[in-house]
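The following exercises are to be worked through with the sequence and the structure at hand. Each task is followed by a solution in steps.

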Amino acid sequence: MQQIDVLLGLQWGDEGKGKIVDVLTPKYDLVARFQGGPNAGHTLEFEGKKYVLRSIPSGIFQGNKINIIGNGVVLDPILFKQEAEALMESGHDIRKSLYISRKAHLILPTHRLLDQAREAAKGAGKIGTTGKGIGPTYTDKISRNGLRVGDIEFDIKAKYDKIKSDHFKILAALHYVQDTAAMDKEWFDSIEFLKSFRFIDSEFFINDALRNDKAILAEGAQGTLLDIDFGSYPFVTSSNTVTAGACTGLGVSPKRIGKVFGIFKAYCTRVGSGPFPTELHDATGEEMCRKGNEFGSVTGRKRRCGWLDLVALRYSVMLNGVTDLIMMKSDVLDMFEEINVCTSYIIDGKETDQFPFSAEMDITPVYKIFDGWQEDMTKVEKEEEFPAAFKTYLNFIEKYLGVSISVVSVGPDRKQTILRKGFMSEK
Ligand code: GDP
Ligand code: IMO
Ligand code: MG
């Protein structure tokens, strides 16, 4: 019997999960998303083309591997239709390889309105959500009022109207009522499109696949510091983005978790509000943003940038049981003369290397300063070519975190990925 491997983000999202899932897919039979929804934007680049996936797993481009949208995902039929049609237009016949869990919850147009209304009501204290209805949809799931993909195999009109009328009561209180007739029509049209895909009881499908020795990769969305329980609450998303989320989001036992690939950028970014201890508000931060093209893949929002935060990263490694680290966007730091890494925080005059209960506290990061490598990393093809200063940076991170960096990414293209010696040689 196989184990299921998990790949997830260790920071605030956008670490490069899509790219690496695509790179690793040839080693797997099946790729499955386990949480989140169209708040995600996973970018893949190969053969001179760029794709951004939101709800569809990033294993979709590698042959006929099976891709599953798991029960832990929230699915917007309208956005799904747009995403699927764009892929089909570009010549990818995804109907054969994409299966959807009957237990995944559906995002309704009024979920999106509620998300926007709640954000507007929060004013300056807004979370900066993606406005895709993620929080309200998970709220309805937990409060047992949600609609699921499997429901659309029956008549859902009455259920839909009931949920909508409940939402309207809240929207009225928030002075955010809108005519939804056009959105309702588009939603039901998109439901018909959704029905052309294969729905499965994914928990049975996945456990059967494991019993039949199939190799499965679970693809996370968002990042550990956006986890509903362990992230910088309330500036988080509404799902469990950590490894445990793969168990509940796919229906696999914790005993079946194999490798956990924790992915991080060589620096940090965050989009939306919320604490960010190592954020830079200076020219260095601007340079990272420019060089890293740090703008949201879906919303286009500018991402906040800062130095690598090892206090936060060690917390993420602990929560997820990371077995292998994957470092992304090393090339973005190429031209910096000095590179800082945060190794502890000073809070209330005391030094600590533990991520605090509330990262909203007044935190002063303590930095270790490294010499920059000042070489073009995008041309590096194997680890023997790593500049000495880069190796020093890698070694320090590995030692601090107690986990090896198994993969180094040096550019956005599929090919700009260095799998270090011994990595997955058994697969
Ligand atoms: P995800 O949400 O974790 O899949 O990440 P995103 O796709 O939102 O953001 C990562 C961005 O960085 C995308 O634009 C990628 O094309 C790009 N990218 C990924 N790896 C690298 C890398 O090693 N170097 C550079 N320069 N860009 C990268
Ligand atoms: P990927 O999968 C980065 C952030 C939003 C906001 C907070 C809550 O591409 O890494 P939500 O819409 O989920 O209620 O927003 O979480 N956020 C992300 N930031 N990458 C993502 O996904 C994100 N998904 C949500 O900006 O701060
Ligand atoms: Mg993203």
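**Exercise 1: A strand and its partners**

In this predicted model, strand E2 (residues 30-33) pairs with E10 in the parallel sense over 4 bridges. Determine which residue of E10 is the bridge partner of valine 31, and state which strand besides E2 pairs with E10 in the parallel sense.

*Solution.*
Step 1. Locate valine 31 and look across to E10: the bridge partner there is leucine 217.
Step 2. Turn to strand E1 (residues 4-9): E1 and E10 also pair in the parallel sense, over 4 bridges. Here leucine 7 has glutamate 219 of E10 as its bridge partner.
Step 3. Examine the two faces of E10, which comprises residues 216-219. Ile216 and Ala218 lie on one side, Leu217 and Glu219 on the other, and all of them are buried. Both faces of the strand are therefore covered, given that buried means under 20% relative accessible area.

**Exercise 2: A threonine in a loop**

Decide whether threonine 278 is buried or exposed, and identify the residue whose backbone oxygen lies 2.7 Å from a polar atom of its side chain.

*Solution.*
Step 1. Place the residue: threonine 278 belongs to the loop between strand E12 (268-270) and helix H9 (283-291).
Step 2. Threonine 278 counts as buried because its relative accessibility is 0%.
Step 3. List its surroundings: leaving aside residues up to four places away in sequence, threonine 278 touches eight-membered company that includes Cys268, Gly306, Asp309, Cys342 and Tyr367.Step 4. Find the polar contact: the backbone oxygen in question belongs to tryptophan 307.

**Exercise 3: The magnesium ion**

Name the protein donors of the magnesium ion (ligand 3), and state where in the chain they lie.

*Solution.*
Step 1. The donors are Asp14 (OD) and Gly41 (O), at 2.1 to 2.2 Å from the ion.
Step 2. The pair links distant parts of the chain, the two residues being 27 residues apart. Aspartate 14 is in the loop between E1 and helix H1 (17-24), whereas glycine 41 is in the loop between E2 and strand E3 (42-46).
Step 3. Compare their accessibility with the limit of 20% for buried residues. Aspartate 14 counts as partly exposed because its value is 23%; glycine 41 counts as buried because its value is 11%.

**Exercise 4: Ligand 1**

State how many residues surround ligand 1, and find which residue has a polar side-chain atom 2.5 Å from an oxygen atom of this ligand.

*Solution.*
Step 1. Ligand 1 is surrounded by 20 residues, with Lys17, Thr43 and Asp331 among the closest.
Step 2. The side-chain contact at 2.5 Å comes from serine 409.
Step 3. Of the area of 580 Å² that ligand 1 exposes when taken alone, the protein buries 94%.

Note on methods:
Residues are numbered from 1 along each chain as its sequence is written. Chains are lettered from A and ligands numbered from 1 in the order in which they are written. This is a predicted model: local features need pLDDT of at least 70, side-chain atom pairs count only at pLDDT 80 or more; totals for chains, interfaces and linings use all residues. Side-chain values use heavy atoms; hydrogens and water are left out. Buried means under 20% relative accessible area, exposed over 50%, partly exposed in between (1.4 Å probe, protein chains only). Two strands pair if DSSP finds at least two bridges between them. A polar contact is a pair of N or O atoms within 3.5 Å; within protein, one must be able to donate a hydrogen and the other to accept it, and residues adjacent in sequence count only if both atoms are side-chain atoms. A residue is near a molecule or strand if one of its heavy atoms lies within 4 Å of it. Accessible areas come from the Shrake-Rupley method with a 1.4 Å probe; for residues, only the protein chains shown count as cover. Donors are N, O and S atoms within 2.8 Å of the metal (3.2 Å for Na, K and Ca); water is not among the atoms, so sites may look incomplete.
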